[in-house]
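Here are two short exercises on how parts of a protein meet. Have the structure open and try each task before reading its solution.

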Amino acid sequence: MPAIELSGVTRQFSRTRRPALLDVSSKIAQGEIVALVGESGSGKTTFLRILAGLEEPDRGEVRIQGKSMAIGGRRHAFVPPEKRKLGLVFQDGALFPHLNATKNVAYGLKRILPKQEWKERVTECLCLVGLDGKESCYPHELSGGERQRLALARALAPAPDLLLLDEPFSHLDPALRRRLRADIRQILEGIGKTAIIVTHDPEDALAVASRVLILNQGQVVQSGSPSEVYYRPANQYCAERFGPANRVIIGTDQTVGWKRPEEARWIPCEVAGEGYNVSVLDVRQMGPLFEVLVQPEAQPDDQWLCFLKEPGNLTAGEKGRVAWRSTPDPVVWRS
Amino acid sequence: MRKSFVTSLGALCLLFFCSPVLQAQESITLYTQRHYGFDEKVHAQFEEKTGIKVNVVKAGADELIARLGEEGERTPADLFMTADAGTLTRAKEAGVLGTFSNPELTAGVPDFLKDADGAWTAMTYRARVIMYAHDRVKPEELSTYEALADDKWRARVLIRSSSNVYNQSLMTTIIEANGADGALEWAKAVRKNMARPPQGSDRDQIRSVAKGLGDIAVANTYYLGLLETSEEETDRKAAAAVKVFFPNNAGRGSHVNVSGVGVVGVSKKKELAEKFVAFLLSPEVQAQFPENTFEYPAVESIELSEQQKRWGELKADQVPLSTLGKRNAEAVRLFNEAGWE
Amino acid sequence: MAVLAYLFQPAAEWTHLVRTVLATYTWNTVIVVFGVVVLSMLLAVPSAWFVSRYEFWGRDWLSWALVLPLAIPTYVSGFVFYRGTEAATDFLIWVKLNVGIDAYFAAELGIRYGLLMIALAAVLYPYVYLACRASFAQQGKGPIEAARCLGRSRKSVFFSVALPMARPALAAGGLLVVMEVINDYGAVNIFGVPTLTEGIFRTWFNMGDKVSALRLAGVVMFVVAGLLLIEQFLRGRARYVETEGALAVPQRECLERWRQLRVLLWCLVPLVIGFCIPVIRLASWAVMYLKENGWGSLPFGEAFLRGTGLAVVTAIVVTLIATFFIYAVRLKRCHYRRCANRVANLGYTMPGTVVAVGVMAVFGAFDRASEAFLPVISGTLLAIAFAYFVRFFAIPSQLIRSGMDRMGKPLEEASRVLGERPLNTFLRVNVPLLRGAIFAAAMLMFVDILKELPLTLILRPANFETLATIAFSLAKEGRLQACALPSLMIIAISGIGLAFMQRWMSHLDRVTSRKEDCEC
């Protein structure tokens, strides 16, 4: 039984605008950590909110743990968010400003557990996210990262079957983001819960998720393991989600492939072998790597970006060849 | 904690809102327009004498008529009292007033001061007169209301807004005497003669005459009496600066209006209510009005107060007041036409 | 709705009204409304700006004291300021004798209209002040600092950035002022300026034409609705609210001494006009009265208790209902609920008397229907309370709605996802977070009810007096000195209430957001 099953879900906010979600069908297995990726307005937040019960689908059905939660157009079949037993971490935390850390975490527990037990549970959850010692702090007294972790603790406290995270790392600086990302992955792996993370940051998706769903204009355009979506994007849109990608026309049958800049290899003119003839347009040093912009001769409409470790003394105007390493086999980054 | 708060709040509300319903003593309820402190003393005297408590609702006359109409048979009111014959007539026409069971009750009141069908009776009346600055105006220059339209009064007349019912009832007598067209011309001319656009109360008109903003004011007599006995010294001085002229004394007489009272038709305590009316018309109460509110007592043969004697001899316009009430809307329409705000 | 139905019935006097007085009424209304709004903005906006942006001596108490004029009913300020026309009498007589009668009429008109506008603006400006102060406090430093960096002076920043950003607040506050002015009956009556509201009274009661009167009320409502639409249209798509960091209290700038003085004087002007002058005047009358009559003659003990009790209970109940109502509307953005919301707010645009008669009709019908099993409700306090509810519902509903809009949806959603039903979410999240707004709404309601006159006069049960009705009947008798005492008591009670509210709210501000002290 899949943890989540969407069939033909459509959500349209107003008649004049295109739908936020259009006929989306998807299954998510137990224990999977899925990242939803897409540009803003692609429907990823709506996806999450429909799962959480904060939006109702216009058409299609949502099932969680095998139970039907909402059927488009049938109001009585709708299960309100409070009955869905899931945890949601909001973009800005959405912490209750009038409650301290303990009370924030206890919010969802008071109704289901007796006092002694919820107190223990709160302590447990705060420890889990590393906030022990900050029990009596109010949200505005915490730092950005602490607030996000508090939000996570609050969502985890009632032991939900399913955890949804909406851009949990936005508004954080890179270092904090990296640390929190690691923390969250550890926590999620530790408790073995199904989780869905909405993010626009490719690193979040690649580092935390076991599977990535790419959405565009309300539709799922690619689904696969992080390395699969990274190295074998289905189209330009998917490719661009994870940084620069170069369009390469392969072989005689003119199939289009996408190559990442770090897959490039420079072959000087004098060395014989495979590769595409190119001329160098620009060279810039970026830390240990060199960013080289080249013009492939066979594709006058495209420019390729290559990250090269030791390009020698390449200068603009120089001619040579670029070869692409064969794409590594799709690896499930974490089983 | 929250629950107990809500319960106690609810209980409090219930107690609070229901409290006026629970009253035991024998009582009558009076809807009145009159705002005079003296009336309360009269009510107290009545309670002392008969043991009947008078409950009072004070509001505008027309609002009270509307309220009586909406409350219908369940109204707590037994009596309706206003300071204008027009509203009494309107109340009668709206069907909220009954008739006095005993015509003897109002025997002492002259016919023109009470309703022909016995729906209401005056308890006092007041004259709407001209008050002039005695240092600038000679009484010989004054004659009638109609003469106020004369050009010689350009920018010298002070009179209040036509929204006021006293002016409206004065207008009805003008219509009665001169016809609608004549009344319209009169209103236009008087409006032109005003020393300033109509504003303030009758008292303010008298004060302004004293200050010299205008030379004559049209006001009710008792206001002068109230100013003469005011708590404020400037008011007493203002009162000393003007004298009363009774217009149309040579003709139909000065315009008078009444404070009157009627019994509410659906009242269940008509007997008690009529007892109160009788009390109001009794010599002991009637004799107190001239001294306290400076109104003329409705019952003839009652001694007037010092001030009233000093103002001069009043000859009242005898046109039945109940007929005037019917012309009220017309009066307002003419005021509108004349541009008298 | 009943009023709307009347609009389409044949009306006997309507053509007569249109031909004669409608233009005057409308013109007077427009002039007075315009003048009062402009004056209130002049009084309110600079002081709100200074109080929220600069640190100067007296800022703390000024920031709440500037709200105090709200405690003074318009009819009281009306008769206090009308006395001012008497001061001008000598000047007018001089003009009349020396310049000519036309000049005299013009001068008289100018002085009267001017004083009327001042009398109204002086006690109504706090509506604009409150809205602007909140807006200025929320604007955040960003745009203003950006403008300063772009080379604008303090003054020019105010006009080019802060003021435009505060426009929704200006509009909201201004709209309240407009409605108060349109509904005012006391002050315009004293000054002899017939507005549409006076026209309604006159047509209804003196001409006996209910339908035309209600049509006039309809005209008033259309004017207000028109103003609302124009505002929304002008606002267009521009957004004025910075959503992020809305809670941060901006640091207030310190000023040099002489500038402090200047700012202080600016802020004192509205306070003096709106509060000190009326209160001192009333106090002197009250002293005169007490000298002659002594303390024994105070008959308002009971009125004080009953009126205040009614105001407290009604304010609390109505505010609670309003909070609940707003939440319900927010929960489900259905069309009919939004319409219900609009209709409920209409009560504020209707003159009190119209509301009163409508409420009487409703309860009359209800009583007739429930004769068998329920006691009569007409003429009880319940009827009054209901009328207050209809009349003033807009106040708590506006305040609480803006509070809820600012709160943002995620908090509620978080609560729902954490397993709380909507009702519990409301009690555990919305209510505690909005307690400032709820308290403020209840307080404003309380003050308004305490001052309220026409409804109370018409609907009250027998022997029921409030301070306002006593003050009114004494003023009607012309006993200004005696009337000063209950008026002062109204002002004192509502003043204390308002001051308390202001202090408490600023305390809340300090708790929820760290206050950065000004380092002078």
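The exercises below work on a predicted model, looking at a chain interface and then at a domain interface.

**Exercise 1.** Describe the contact between chain C and chain A, from its extent down to its polar pairs.

*Solution.*
- Step 1: Start with the residues: chain C brings 22 and chain A brings 24.
- Step 2: Turn to area. About 2000 Å² is buried between chain C and chain A, with carbon and sulfur atoms giving 62%. C:V417, C:L418 and C:R428 supply 34% of what chain C buries against chain A, more than any other three residues.
- Step 3: Look for charge pairs. The interface of chain C and chain A has 2 salt bridges. C:E413 pairs with A:R49 in a salt bridge, their closest N and O atoms lying 2.6 Å apart; this distance fits the salt-bridge rule because the cut-off is 4 Å.
- Step 4: Sort the chain C side that touches chain A by class: 10 nonpolar, 5 polar and 7 charged residues.

**Exercise 2.** Work out how domain 1 and domain 2 of chain B meet.

*Solution.*
- Step 1: Locate the domains. In chain B, the assignment gives domain 1 as 25-125 + 257-304 and domain 2 as 127-255 + 314-338. Their C-alpha centres are 27 Å apart.
- Step 2: Find the area. Domain 1 and domain 2 of chain B bury about 1700 Å² between them, 65% of it on carbon and sulfur atoms. B:F112, B:N257 and B:F294 supply 39% of the area domain 1 buries against domain 2, more than any other three residues.
- Step 3: Count the pairs. Between these domains of chain B there are 0 salt bridges and 2 residue pairs in polar contact.

Key
Residues are numbered from 1 along each chain as its sequence is written. Chains are lettered from A and ligands numbered from 1 in the order in which they are written. This is a predicted model: local features need pLDDT of at least 70, side-chain atom pairs count only at pLDDT 80 or more; totals for chains, interfaces and linings use all residues. Side-chain values use heavy atoms; hydrogens and water are left out. Contact means heavy atoms within 4.5 Å. Buried area is the accessible area (1.4 Å probe) that two parts lose on being put together, summed over both. A salt bridge is a side-chain nitrogen of Lys or Arg within 4 Å of a carboxyl oxygen of Asp or Glu. Ala, Val, Leu, Ile, Met, Phe, Trp, Tyr, Cys and Pro count as nonpolar, Asp, Glu, Lys and Arg as charged, and the others, Gly among them, as polar. Domain bounds come from an automatic or database domain assignment. A polar contact is a pair of N or O atoms within 3.5 Å; within protein, one must be able to donate a hydrogen and the other to accept it, and residues adjacent in sequence count only if both atoms are side-chain atoms.
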